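Thanks for asking me to look this one over. Here are my notes, as numbered points you can check against the coordinates.

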Amino acid sequence: MTLTKPVKITIAILLLLLAARIAAPEAMVWYVNSLLQRQQGISGHVQDIDLALWRGGYDIKQIEIFQHNDKGKLPLFSTERLSLQLSWAKLLKGEIVSTMAFYKPVIMALDRTDQTDITEDAVLDERTWIGLANDLTLFSIDKLSLYDGRIEFNAIAKDVLGELILSDVQGEVRNLHNDAASELLTDIDLEGTVGGSAPFFIRGKFNPNVKKPSFDINMQMEKLPTKVTDSIVKIYAPFDVEAGEFELAAELASDKGQVNGYVKAGIYQLEVFSWKEDVVNDVIKGDDNPLQLFIEALSAALAELFENDDEKLIATRIPIQGDISSPNTSVLKAIGGLFYNAFIKAYQMRVEDIIDFTSVTSDDKDKAAANSSDKKAASDKQNKH
């Protein structure tokens, strides 16, 4: 049977499309890997990519990203699967945007006493990551979803390994495709658990397209047993916490680099001194410094003094204000917060919903502008001389 010319052309086109479909995943793997290698301060690789043309998207599998520092590279981010696809809901409204979903993502935060863990500012700049995300798809990203994520904080000092894990992280970041001129801000809504037991949430808005940070964020963590943080406390505090439960709440807003807000931190039924643990096991039978025993005994006495008798809570409220690069935190107000909680009224360890963009006063902005003008004038004067 002799094939006609139109049939031959059709078969040739189908074969070319089939070849392109077969070759596309390998080509995309090469493109994504080369894209990761070109990023400032980070590098990484992916193992495989699956196309899903029927839903207008594709899945990137087994992504690993590393951060670079003065000692080499350290793990920063990984995920089992990253799914990108067209937003059909937005398409029906006339917008061509895409969505991005991470499945089992892991973020590593490291602290090593013998090295600087992050040496590139780009690693901490959200524009780096949003730019990378947009490079992975033809269309702007409108929504980013997280499923079963983890954030691991890992510290090493004096041969002590400290670890704190945020798990079951779920949530969304919406309106990512907005530009700096848009009044519609990017929304963030995340929740999960700390140490496998303490629920937490982070909610708010931010503008990822401006150079000076602009955000309004609320954070809260419910009761976290001290046994979960024991290894971390040993690294960063001069005493051991024997028992208790931590709670945390914070509101922070920033506009044009000026920040305003507060952090409330408290611990219920705190115990920092145990005769059997601290004297018998650590000093008599162990090799701990007796000075450590004195510090813990003093800490226990202060804890007893500042504990609210009704709520069994030691807490303070620390106001934060000023330029975001070096905000002011008053030690006197923090101490005053301890006295207020102990002798007047126990703090409610919840977000107060009193901080937003309007809380960053015009006075703060005027001071920032004046300081900037003074610095520029001084620089111009010096250049003239």
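1. Confidence. Please keep in mind that this is a predicted model. The protein has an average pLDDT of 77, and 69% of its residues reach at least 70. Two stretches deserve your caution. Residues 289-296 have a pLDDT below 50, yet in the model this stretch makes 13 contacts beyond near neighbours in sequence. Residues 381-385 also have a pLDDT below 50, and there the count of such contacts is zero.

2. Overall make-up. The protein contains eight helices and 14 strands. Of its 385 residues, 40% are buried. Among contacts with a separation of 6 or more, 59% join residues 24 or more positions apart. The exposed surface comes to about 22,400 Å², with carbon and sulfur atoms supplying 58% of it.

3. Backbone at K104. If you run a phi/psi check, look at K104: its phi is positive, about 55°, although the residue is not a glycine. K104 sits in the loop that links β4 (98-103) to β5 (106-112). Is K104 buried or partly exposed? Its relative accessibility is 41%, so K104 counts as partly exposed.

4. Backbone at K312. K312 is another non-glycine residue with a positive phi of about 55°. You will find K312 in the loop between α6 (290-306) and β13 (313-323). With a relative accessibility of 37%, K312 counts as partly exposed.

5. Geometry of α7. Helix α7 covers residues 331-344, which is 14 residues. At 1.5 Å a residue the expected span is 20 Å, and the end C-alpha atoms lie 19 Å apart, so the two values agree. At the start of the helix, a side-chain oxygen of S330 comes to within 3.4 Å of the backbone nitrogen of L332.

6. The two sides of α7. Which residues of α7 are buried? They are A334, G337, N341 and A342. Viewed down the helix axis, the buried residues of α7 fall within an arc of 120°, and therefore they line one face of the helix. As background, an α-helix has 3.6 residues a turn, so residues three or four places apart point the same way. On the other side of α7, L332, K333, F343 and I344 are exposed.

7. What I would keep in view. For the low-confidence regions, the contrast to remember is 13 contacts for residues 289-296 against zero for residues 381-385. For the backbone, the residues to revisit are K104 and K312.

Key. Residues are numbered from 1 along each chain as its sequence is written. This is a predicted model: local features need pLDDT of at least 70, side-chain atom pairs count only at pLDDT 80 or more; totals for chains, interfaces and linings use all residues. Side-chain values use heavy atoms; hydrogens and water are left out. pLDDT is the predictor's confidence in each residue, from 0 to 100. Contact means heavy atoms within 4.5 Å. Helices (H or I, at least four residues) and strands (E, at least two) are DSSP runs, numbered from the N terminus. Buried means under 20% relative accessible area, exposed over 50%, partly exposed in between (1.4 Å probe, protein chains only). The expected span of a helix is 1.5 Å times one less than its number of residues. The arc is that of the directions from the helix axis to the C-beta atoms. A polar contact is a pair of N or O atoms within 3.5 Å; within protein, one must be able to donate a hydrogen and the other to accept it, and residues adjacent in sequence count only if both atoms are side-chain atoms. Accessible areas come from the Shrake-Rupley method with a 1.4 Å probe; for residues, only the protein chains shown count as cover.
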